[in-house]
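Let's take a friendly walk through a protein model, one side chain at a time. Keep the picture in view as you read.

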Amino acid sequence: MKFLYQRLVIGMNKKRYLIRESLKKKIKSKWFIGINIFIFLILFIIINIGSIINLFGGDYKQPKYVQVIDNMNIYEEYKETLEKATKYYTTPIIVSKSNDTRDEAIKKAQNDNSIIVLIVNEDQENIMSIELISNNKINDITKGYLTGSFNTIRHNLAIEKSGLTEEQLKLLNSSIKVEENILINKQQETKKESNNPNQMNDTLGIVAVVIFTLPFFFIITTLVQMIGAEINEEKSTKSMEIIISNVSPKDHLLAKIISCTTFTIIQILVLAISLGISILFRSKFGTEVVTSNTEIIKDIITTITGQNIMSSVITILPLLILFLVFTLITYSIVAGVLASMTTNIDDFQQLQTPIMLTISIGFYLSILAAIFEGSVFIKIMSFVPLVSFMLSPSLYILGQISFASVIISTIIQIVFTFLVYKYGLKVYRVGILNYSGDHLWKKIFKALKS
């Protein structure tokens, strides 16, 4: 009994040693530190690109002085509309009313490149006409702000000339009231807050991809390549024979699974911290730049930080962590087994193609989930192991499946992980010391039957 205990302790110590050395090799590597610093800098630059550009300055920071020669008595309305539109515009636009003649205004514009003259004239056919005078060409964005504000004013003037009453004008200009009553459960409450369910659904789809699909796709790819590279390095240097002579293939595989999965989780945390710091800096010191793209990003951030989304994520967070860990372990086992069957990294690159295709299925289905709302096929695929982690939480956020469905998907993934380990270990024992591709598949099928 004492002898068995000593062997068990020695075996555990060897396994811990392999795990510790593997993690130490990865974490203390200059590549790990350097790449994460690089990733942090890239994330920081991308998220705070507006502030960085603004820090260095440029011609865009020079104010534009818009002088309006108003021949229609609409200056005050125009000024208010323009100031609202250019509130976050990077180039300061200062509006003032001018009493100069056209010739006097032209002379001022010729002597000062920052002056833009707008002459508003009445036009019988088109209600109003605008003449824009500047010494240099004005960029399209600035021109759009300066002239676009007149469209609203022109629209209102056209309605007034139609002879409608004040009440009719208010009714015509007011937005249509939409009262939407949807009989839904708590998981779908996010849809109730928007007057445009399709837009909200699209934003939720993007959020699901940003939170679950995209990061998971790159993490799994990195994990698979990491395990394959380690095992192939040990086999190519013949150090595998020394390792297996001291530890069993089972302990060696477990050590690889634990070390690589732990390292991947550490990498996820590092990326999350980098992303959090970048977003926090943007929220505190960032420069707001309004474009169509930034409006989309703003909608995404608002949706992510919204109470319903956060409450949904917090509700399933413990389950998600369990789901993620077992999914990572499954991919670690599959990658380790495939790597044990090969003799070099080139062969492994070919064998990992099925894994990449499997991840791609989950990736694209997660993107399509918001488009094909309620798709039976996508719901079925959310229970299929290896792709379920990318689909199941995303569908839950979209309100297409219940919390119970996520639990079932997690249980199926856990059971699948144990099955993959049970049968994968048989193949691993055969392949780990195999240095020849001859009759390898026969050996593998024979190992599975045993």
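What follows is a tour of some charged pairs and then of one glutamine. Keep in mind that this is a predicted model.

We can begin with the charged side chains. How many salt bridges are there in the count? The count comes to four.

Look for Lys 108 and Asp 100, which are joined by a salt bridge whose closest N and O atoms are 2.7 Å apart. The two partners sit in unlike surroundings: Asp 100 is buried, with a relative accessible area of 18%, while Lys 108 is partly exposed at 37%. Asp 100 gets the label "buried" because that word is used for values under 20%.

Next, find Glu 131 and Arg 102. Their side chains also meet in a salt bridge, with 2.5 Å from N to O. Where in the chain do these two residues lie? Glu 131 belongs to strand β4, residues 127-134, and Arg 102 belongs to helix α5, residues 102-111. They are 29 residues apart, so this pair links distant parts of the chain. Glu 131 is partly exposed, with a relative accessible area of 26%, and Arg 102 is partly exposed too, at 40%.

Now move further along the chain to Lys 256 and Glu 230. This salt bridge brings the closest N and O atoms to 2.7 Å from each other. Here the link runs between two helices: Lys 256 is in α10 (residues 249-285) and Glu 230 is in α8 (residues 197-236), with their positions 26 residues apart in the numbering. Are these partners buried or exposed? Lys 256 is buried, at 7% relative accessibility, and Glu 230 is buried as well, at 12%. The pair does not stand by itself, as Glu 230, Glu 234 and Lys 256 are linked in a network of salt bridges.

Our last stop is a residue in a loop. Gln 400 lies between helices α16 (388-397) and α17 (403-431). Is Gln 400 buried or exposed? Gln 400 is buried, with a relative accessible area of 11%.

What does the side chain of Gln 400 reach? It reaches the backbone oxygen of Ala 369, at 3.0 Å. If we set aside neighbours within four places in sequence, the residues in contact with Gln 400 include Ala 369, Phe 372, Glu 373 and Gly 374. Ser 375, Lys 379 and Leu 395 are also among the contacts of Gln 400.

Key:
Residues are numbered from 1 along each chain as its sequence is written. This is a predicted model: local features need pLDDT of at least 70, side-chain atom pairs count only at pLDDT 80 or more; totals for chains, interfaces and linings use all residues. Side-chain values use heavy atoms; hydrogens and water are left out. Buried means under 20% relative accessible area, exposed over 50%, partly exposed in between (1.4 Å probe, protein chains only). Helices (H or I, at least four residues) and strands (E, at least two) are DSSP runs, numbered from the N terminus. A polar contact is a pair of N or O atoms within 3.5 Å; within protein, one must be able to donate a hydrogen and the other to accept it, and residues adjacent in sequence count only if both atoms are side-chain atoms. Contact means heavy atoms within 4.5 Å.
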